[in-house]
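Here is a short report on one protein chain. Please keep the sequence and the 3D view at hand while reading.

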Amino acid sequence: MIELKGIVKRHGAVTALHGINLEIRAGEFFALLGPSGSGKTTTLRILAGLEAADEGRVLLDGRDVSEADPGERNVAMVFQSYALYPHMSVYDNIAFPLRMVGAPDIDKSVKEAAERVHIGHLLERKPGQLSGGQQQRCALARAIVRQPRLFLLDEPLSNLDAKLRMETRVELRKLHRALGVTTVYVTHDQEEAMTIADRMAVFMDGRIEQVGTPVELFARPKSLEVAAFLGSPPMNFFPAQLHGRSASIAGHSIPLQTDYGQRDAVLGVRPGAIRIAESGITARVELVEQLGESAIVDLQAGATAVRARIDSRVRLREGDAVHLAFDGEDVHLFDAQSHQRL
């Protein structure tokens, strides 16, 4: 179990982390998700002991390791660059951490770790002779072979092509189930986090905006910022005036399920919830991207840019005038001032 309590990190006059509080359960696959510069990698490095927090504590299974060296924490880290030794074979790269501590049965352990990630046939090769995916597997095997209490993965799939990223995500999930080791995974790719994690924390500007399961965060984003970050394509937002159980946007009234009184708000709706209808919000088609079964359509509704995901059988052309509609149950409402969910 991991506990981060009041973690603050400063780089000169810049505060990178503003009092991070987080609990990660034993055996959990947990993702730290956020845009570049949001503080997720700094948090991971503090957890690993590669950086020291200016304030706060790091606890592993209740033990305060805030001042402990990386070697004392029994964690294994896989870096974005893989950090393999280019002059060593795959076998020697995997064996290196075991040799450093004089572990017994090194040969058996190396071969078992290599087989787990399907590179048993590549043990004699050098990293320069491997593909990006094979290098990533070698880095994973080097982490596995130590049998650590905690795996830390920093953007491990970012250097792989789209198809290989998808395949490796599945393999990482299977590997986690087989090993049962607590895993903390840093990524800026929200699709990656949502498909692989048990729970995740969304980082924004050195703070944690929201923690929960992927389903919870997608269904009920706590703030407009989280809502804007999650989803591909991202959520659409309209300035709205709420009148009890209805919302007025772009001259059109949308029925709501709850009475919100009289207030200004921001109404969010995901692209997949928007449909082309006989009546509704007037919009003009700007661009159509065909994706096979569906199409992503860029539209302009007054001053608001809108993206919709529709059935590709609905034929639209640039310049077409259309009407957009969606149901009140698909609406997300946020306070116009605080940007917090209503």
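The report goes from the whole chain to its sheet, its helices and two single residues.

**Overall layout**

This is a predicted model. The chain has eight helices and 20 strands. Along the principal axes, its C-alpha atoms fill a box of roughly 75 × 45 × 35 Å. Of the 342 residues, 49% are buried. Take the contacts between residues at least 6 apart in sequence: 64% of them join residues at least 24 apart.

**The N-terminal hairpin**

Strands β1 (residues 2–11) and β2 (residues 14–24) run antiparallel and are joined by eight bridges. They form a hairpin, with two residues between them. Gly12 sits in the turn and has a positive phi of about 65°. Leu4 has Leu22 of β2 as its bridge partner.

**The six-stranded sheet**

In what order do the six strands of the open sheet run? The order is β6-β7-β8-β3-β9-β10, and the pairing is mixed. The edge strands are β6 and β10, each of which pairs on one side only. Neighbouring strands of this sheet are turned by 15° against each other on average, direction ignored. In general, strands of a sheet pair through backbone hydrogen bonds, either parallel or antiparallel. β6 and β7 run parallel, with four bridges between them. Here Met77 stands opposite Leu152 in β7.

**Helices on the sheet**

Two helices lie across strands of this group. The table gives their strands and angles.

| Helix | Strands crossed | Angle |
|---|---|---|
| α1 (residues 40–48) | β3, β6, β7, β8, β9 | about 150° to β7 |
| α5 | β3, β7, β8 | about 135° to β3 |

**The α4–α5 pair**

Two packed helices are described by the angle between their axes and the distance between the axes. Helix α4 (residues 132–144) packs against helix α5 (residues 162–179) at an angle of about 15°. Their axes are 12 Å apart. Angles under 35 degrees count as roughly parallel, so α4 and α5 are roughly parallel to each other. The crossing of α4 past α5 is right-handed. On the α4 side, the contact is made by Gly133, Gln136, Arg137, Leu140 and Ile144. On the α5 side, Leu164, Thr168, Glu171, Leu172, Leu175 and Leu179 take part. By class, the contact has six nonpolar, three polar and two charged residues.

**Phe30, in the sheet**

Phe30 is found in strand β3 (residues 29–33). Is Phe30 buried or exposed? Phe30 has a relative accessible area of 0%, so it is buried. Leaving aside neighbours within four places in sequence, its contacts include Leu22, Glu23 and Ile24. Phe30 is also in contact with Thr183, Val184 and Tyr185. Further partners are Arg199, Met200, Ala201 and Val211. Leu22, one of these contacts of Phe30, is the residue that partners Leu4 in the hairpin. Gln129 is 99 residues from Phe30 in sequence. In space, the two are 32 Å apart, C-alpha to C-alpha.

**Thr304, in β18**

Thr304 has its place in strand β18 (residues 304–311). Its relative accessible area is 15%. Buried means under 20%, so Thr304 is buried. Which residues does Thr304 touch, not counting those up to four places away in sequence? They are Phe237, Phe238, Pro239 and Leu299.

Methods
Residues numbered from 1 in each chain as written. Predicted model: local features only at pLDDT ≥ 70, side-chain atom pairs only at ≥ 80, totals over all residues. Heavy atoms only, no water. Buried < 20%, exposed > 50% of the residue type's maximum accessible area, 1.4 Å probe, protein only. Contact = heavy atoms within 4.5 Å. Axes fitted to C-alpha atoms, helices over the stretch in contact; angles between N-to-C directions. Parallel < 35°, antiparallel > 145°, perpendicular 65-115°, else oblique. Left-handed = near helix turned anticlockwise from the far one by under 90°. Nonpolar A, V, L, I, M, F, W, Y, C, P; charged D, E, K, R; others polar. Pairing = 2+ DSSP bridges.
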